[in-house]
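Please find below my notes on the structure, set out as numbered points. They are best read with the sequence and the 3D view side by side.

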Amino acid sequence: MPAPTSRRPAAKKVASKPAKPPAGKAVKPAAKPAAKPAAKRAPARKLSKAEEAARVARVVAGLERLYPDAHCELDFKSPFELVVATILSAQCTDKRVNMVTPVLFGRFPDAAAMAAADQAELEEIIKSTGFFRNKAKSILGASRVLVEDFDGVVPDEMDQLLTLPGVARKTANVVLGTAFGKNEGFVVDTHIGRLAQRLGITRESDPTKIEQDLMAAIPREKWTQLGHQLIWHGRRVCESRKPRCGECALVADCPSAGIAGE
Ligand code: SF4
């Protein structure tokens, strides 16, 4: 394994509130520390600002090489479907959501139909995604606001999206970036929060502050796509409990190589 270029103190764990969907996936806490203490490591030389920027640029380039075709793994055919799918994805896998949405959108294809849905029927359809009562309330509420305030059309402005029940900044960033191609902010879900910490892009634990650090470190035109690439790396290699540093292409530039997940 190539030696990492830097070692920095482990980032604080990302704060995790009790699950409170459907405002968006809460960022999960980092994996529990192992019972035995980590081996002592040589103190790292602090990188200069320019060296640190170059390191982050290499991480970004590495992710772009690894996942050139990374994309949102939620299935959707319209901004409305993406709003609903993202609400459903709170504390649930994209795979499970993708099993539910064909039935859901077959029955309620747009905001007007969804706004008029019977809550009990809606809950039954989305039950397997978990937290279905709160999610149903958010979906109904968001659909009604879309109908009443936006003629049933999902707006492409952050402040307007945030008026929809169940839509917080993370979901709004998903919709703006993935449905409208607008880099207004950086999505911070559980994978991106964890990866940003492990890769030394942030030492924060609050998703809002993590987003600010990501926005400061990454060129704006890359925000949406790099978000997908970070999620893909988090799902495929840098998993929460068992990061596979031994087979990670970013190992040379990762300050957590060999110690993440301990
Ligand atoms: S798998 Fe290991 S080396 Fe790769 S990004 Fe995660 S912590 Fe760093």
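1. In this predicted model, the largest nonpolar core comprises 57 residues. Val 83, Ile 139 and Val 175 have the most contacts inside this core. Helix α2 gives the most to the core, contributing 7 residues. In soluble globular proteins, nonpolar side chains tend to be buried together.

2. Which residues does Ile 139 touch, leaving aside its neighbours within four places in sequence? The contacts of Ile 139 are then Val 84, Ile 87, Met 114, Leu 122 and Gly 166.

3. Helix α8, which spans residues 169-179, is mostly covered, since 10 of its 11 residues are buried. The buried residues of α8 include Val 175, which is also listed among the core residues with the most contacts. The others that are buried are Arg 169, Lys 170, Thr 171, Ala 172, Asn 173, Val 174, Leu 176, Gly 177 and Thr 178. Their cover includes α2 (79-88), α7 (158-161) and α11 (223-236).

4. After α8 comes Gly 181, with a positive phi near 65°.

5. Is Phe 150, a residue of helix α6, buried or partly exposed? Phe 150 is partly exposed, because 15 other C-beta atoms lie within 10 Å, and a buried residue requires 20 or more. The helix that holds Phe 150, α6, runs over residues 132-150. Phe 150 and Gln 160 are 10 residues apart in sequence, and their C-alpha atoms are 9.1 Å apart in space.

Terms used: Residues are numbered from 1 along each chain as its sequence is written. This is a predicted model: local features need pLDDT of at least 70, side-chain atom pairs count only at pLDDT 80 or more; totals for chains, interfaces and linings use all residues. Helices (H or I, at least four residues) and strands (E, at least two) are DSSP runs, numbered from the N terminus. A residue is buried if 20 or more other C-beta atoms lie within 10 Å of its own, exposed if 12 or fewer, and partly exposed in between; C-beta atoms are placed from the backbone. Two residues are in contact if their C-beta atoms, placed from the backbone, lie within 7 Å. A nonpolar core is a set of buried Ala, Val, Leu, Ile, Met, Phe, Trp, Tyr and Cys residues joined through C-beta atoms within 7 Å.
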